[in-house]
Amino acid sequence: MLSHSSTLLRTQLLLATLALLAGVCLGRSDAPRGVSLPFVFDVKAVCDPPCKHAGICIRNNTCFCSQGYEGETCQYANCYPKCKNGGECLRPGKCRCPPGFGGRYCHKVMCDGGCWNGGDCIAVNGEAKCICPSSWTGSRCQEAICPQGCRNGGSCVAPGICSCPEGWLGGACHTAVCKKPCLNGGKCVSPDTCRCRAPFSGPQCEERKKLF
C-alpha cells in the first residue's frame, strides 16, 4: 500500500497537471494578487464562492486563475492589450467598445457618418469628434463657411461661395436684380423694385412728376 505522503505527492502532481491543462501560466501576471510562486496546493482547500473559468482553489478562499482571467474568484476577463477608450473586456481578447470607437481593443476612433471635406476623426476627452479644416464646420465638417455672409436668404454652398435666391446676385447675395432697368438715375433696391430720384416715379422711374 502507498503511504500517506506518497498519496499526497501524487495528488499534488495531479493538481499541477490539471492546472497546466487548464491553461494556467505560472510566469504571467494573470495570477491573483497575494499568490507567490512557487506554491503548494492544499488538497483540502475550500473556496466559497468557488473559482470560476477553470480557476483552481489552491488554499482556502484563494484561487489560482487560468490564463485570461483575474479577480478573487477569477470572475473578471483579462484582455491584453487592455481595452482602450473605456472599452469593457467581455472575454480574453474580446472588448466591447463604447460608441465612437472600434477595433479589437477599441483603439480605433470611428466618427458616425465619417468626416467630410478633409476632416480628421480623433478622440477628444473620450469622445470621437471630427476636426475640420478651415472654411468647414459642423459635426461632420459638412457645412461650408462664407466669411462675407450670405444675405437675403442666400446659402453658403462652398467656402466663400453663396448660392443666391432668385432676384439677388453678388458674392454675398447683396445685389438686387430688376428685370426691367431703373431709368433716370433710379436704383434697384430689391428684386424688380426701383427707388427713384426726384422728380421721377413709376415702376422704372420712367414718369416725370409735374411741378406746379
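These are my notebook entries on a predicted model of one protein chain.

**Entry 1: the chain overall**

I began with the secondary structure. The chain has one helix and 20 strands. I then looked up burial. Of its 212 residues, 26% count as buried. For the accessible surface of the chain I noted about 14200 Å². Carbon and sulfur atoms account for 54% of that surface. I also checked how far apart in sequence the contacts reach. Taking contacts in the chain between residues at least 6 apart in sequence, I found that 19% join residues at least 24 apart.

**Entry 2: the annotated spans**

I went to the UniProt record next. The entry is unreviewed, and it lists "domain: EGF-like" for residues 43-75, 107-142 and 174-206. I looked at two of these spans in the model. In residues 43-75, the end C-alpha atoms lie 22 Å apart. That span is 27% strand and 0% helix. In residues 107-142, the end C-alpha atoms are 25 Å apart. Here I noted 39% strand and, again, 0% helix.

**Entry 3: nonpolar cores**

Which residues make up the largest nonpolar core? I listed seven: Cys47, Cys51, Cys63, Cys65, Tyr69, Cys74 and Ala77. Another core lies apart from that one. It has six residues, including Cys79, Phe101, Tyr105 and Cys106.

I followed Cys47 further. Setting aside residues up to four places away in sequence, I found that Cys47 touches Cys57, Arg59, Asn61, Thr62 and Cys63. Cys63 is also one of the seven in the largest core.

**Entry 4: Thr73**

I placed Thr73 in the loop between β3 (69-70) and β4 (76-77). Is Thr73 buried or exposed? Its relative accessible area is 12%, so I count Thr73 as buried, the limit being under 20%. What does Thr73 contact, beyond its neighbours within four places in sequence? I noted Pro49, Pro50, Cys51, Lys52 and Cys63. Of these, Cys51 and Cys63 appear in the largest nonpolar core. The side chain of Thr73 also makes a polar contact with the side chain of Gln75, at 3.0 Å.

**Entry 5: Ser66**

Ser66 sits in the loop between β2 (62-64) and β3. I read a relative accessible area of 4%, and Ser66 is therefore buried. Where does the side chain of Ser66 reach? I traced it to the backbone oxygen of His53, at 2.7 Å.

**Entry 6: the salt bridge**

How many salt bridges does the structure hold? I found one. Glu88 pairs with Arg96, and the closest N and O atoms are 2.5 Å apart. I note the general background: side chains of opposite charge can pair when their charged atoms come close. I then checked the accessibility of each partner. Glu88 is partly exposed, at 40% relative accessible area. Arg96 is partly exposed too, at 48%.

**Entry 7: Pro181**

My last stop was Pro181. I found Pro181 in the loop between β16 (175-176) and β17 (187-190). Its relative accessibility is 54%, so Pro181 counts as exposed, the limit being over 50%. I also looked up Pro181 against Cys194. The two are 13 residues apart in sequence. In space, C-alpha to C-alpha, Pro181 and Cys194 are 8.3 Å apart.

Key:
Residues numbered from 1 in each chain as written. Predicted model: local features only at pLDDT ≥ 70, side-chain atom pairs only at ≥ 80, totals over all residues. Heavy atoms only, no water. Salt bridge = Lys/Arg side-chain N within 4 Å of Asp/Glu carboxyl O. Buried < 20%, exposed > 50% of the residue type's maximum accessible area, 1.4 Å probe, protein only. Core = buried A, V, L, I, M, F, W, Y, C linked by side-chain atoms within 4.5 Å. Contact = heavy atoms within 4.5 Å. Helix = DSSP H or I, 4+ residues; strand = E, 2+ residues; numbered from the N terminus. Areas by Shrake-Rupley, 256 points an atom, 1.4 Å probe, with all protein chains shown as cover. UniProt positions renumbered as here; feature names shortened; annotations may be inferred. Polar contact = N/O pair within 3.5 Å; in protein donor to acceptor, adjacent residues only side chain to side chain.
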